[in-house]
Amino acid sequence: MNTVDPQHRRRPQAARPAHLLDSLSTAVLLLDGQLCVDYANHAAEQLLATSLAHLHAQPLDAFFDGADWSAAALRHALDLQQAYTQREARLHRLGSTLPVTVDYVVTPVPPGREHAPQLLIELLPLDRLLHINREDNLFTANQATRALVRGLAHEIKNPLGGIRGAAQLLERELARAELREYTQVIIGEADRLRALADRMLDARRPPSFREVNIHEVLERVRVILQAEVGDALRWVRDYDPSLPEVWADADQMIQVMLNIMRNAAQALLEMPRPGGSTAAGEPPCITLRSRVLRQSAIGTRRYPLLCLIEVQDNGPGIAEELREMLFYPMVTGRSQGTGLGLPIAQAIMQQHGGLIECESRPGKTVFKVLIPFRRVADGNTGAPIHAHP
């Protein structure tokens, strides 16, 4: 009968728990009785952007906002052996200025013969889930508002023809020139409203797809705006020259980028700037950036490659109360704005299978335009990608 060395049997079993935790995609930390890190698996090292050697024997206070991390709550859980969950805590990674939103679960580990009571902490990142929910909300809101806007535009256009015709007939009967000025006001306002209604309906036109060099689109829009504003703005172009062509409607992409870039230019030109600079003391500047995103998703659809266009300005930022409603019709932070440019741009991008997102804070507003390199509809991939070397 073969015998197995008991020590030989126990060694793999002793190493197995740490090995299993390192194989998890969930970030796991183990805190000792002083609430300092005793162990972190590989997923936790990646999430915190640091190593176990740096984390060991250190508290986690520096990684969380004060309201999201309570040493008293951890001590209470350890003493009473009671688990609890903290929702939507802001986690700060080393070397990054952007916080990560996480849920974390605190579970007491009962004392054993070889260790005192410990706390097991599971960190569950929420940013991807929140991102998907935000995209779903954008899609849903845009679909609902498009239906509303189309109905409203039709209702506006129907009586405008009668109002304009009646004003023209009235003008013919008026002998005094000063009275005809009033009819011209009526006709002019009717034409303005008709043009507004046409803009509201324009996003319904089906795209005429072809291969489009997105840099040519950006440069054309930049030249248009530069002709409008002259030397009042500084332009920075940060393009990826290896970007493949996108499968898009060139005219509609020009409209999308014109709406976004003109908003950025107007935000910079309308803000009070002592000495011609922004609030941060920098010259007003718009940065145009192009990149390739790999293995990224729009909604529930994942793409091997996506085109990312960023329009960044160093203006005052978008008011917090407007950020969640930017893509709703008639929502604008400008006194002369119509609030239609961004909803129309979002509707066009949805026809392209793409999306527009926005991140804003004082001194930095970034509109991100995501465009598939190929059209995807009903399982058909459309045109192939021709990648540049």
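## An aromatic pair to start with

With a relative accessibility of 15%, F209 counts as buried (buried is under 20% relative accessible area, exposed over 50%, partly exposed in between, using a 1.4 Å probe and protein chains only). Its ring partner W247 comes out as partly exposed at 21%. The two ring centres sit 6.4 Å apart with planes at 15 degrees, so this pair is stacked. Rings here are those of Phe, Tyr and Trp (its six-membered ring), paired if their centres lie within 6.5 Å; planes under 30 degrees apart are stacked, over 60 edge-to-face, and the rest tilted.

F209 and W247 are 38 residues apart, and the pair links distant parts of the chain: F209 is in the loop between helix 6 (177-202) and strand 6 (210-212), while W247 is in strand 8 (residues 246-248). Helices (H or I, at least four residues) and strands (E, at least two) are DSSP runs, numbered from the N terminus.

## How far to trust the model

This is a predicted model, with pLDDT of at least 70 needed for local features and 80 or more for side-chain atom pairs, while totals for chains, interfaces and linings use all residues. Residues are numbered from 1 along each chain as its sequence is written, and side-chain values use heavy atoms, leaving out hydrogens and water.

Mean pLDDT (the predictor's confidence in each residue, from 0 to 100) is 80 for the protein chain, and 78% of its residues reach 70 or more. Among the elements, strand 7 (residues 234-238) has the highest mean, 95, and helix 1 (residues 6-23) the lowest, 56. Residues 6-15 have pLDDT below 50, and that stretch has 1 contact beyond near neighbours in sequence (a contact means heavy atoms within 4.5 Å). Residues 377-389 also stay under 50, but there the model has 20 contacts beyond four places in sequence.

## More rings

There are 4 aromatic pairs in the structure. In one of them, W69 and Y104 have ring centres 5.3 Å apart and planes at 50 degrees, so the pair is tilted. It spans 35 residues, from W69 in the loop between helix 3 and helix 4 to Y104 in strand 4 (residues 100-109). Both rings belong to buried residues: W69 is at 8% relative accessibility and Y104 at 1%. Ring pairs also bring in F64, giving a cluster of F64, W69 and Y104.

## Salt bridges

The structure has 11 salt bridges (a side-chain nitrogen of Lys or Arg within 4 Å of a carboxyl oxygen of Asp or Glu). One joins R90 to D65, with the closest N and O atoms 3.1 Å apart. That pair is 25 residues apart, linking strand 3 to the loop between helix 3 (52-55) and helix 4 (71-80). R90 is partly exposed at 40%, and so is D65 at 25%.

E219 turns up in two bridges. Its N-to-O distance to R222 is 2.8 Å, and both residues lie in helix 7 (residues 214-229), about one turn apart; R222 is buried at 10%. E219 also meets R237 at 2.9 Å, a link between helix 7 and strand 7 across 18 residues. R237 is partly exposed at 47%. Elsewhere, shared partners join D238, R289, R291 and E310 into one salt-bridge network.

## Two positive phi angles

Most residues other than glycine have a negative phi. L35, not a glycine, has a positive phi of about 65 degrees; L35 sits in the loop between strand 1 (27-31) and strand 2 (37-40) and is buried at 10%. E88 has a positive phi too, near 50 degrees. E88 lies within strand 3 (residues 84-91) and counts as exposed at 51%.
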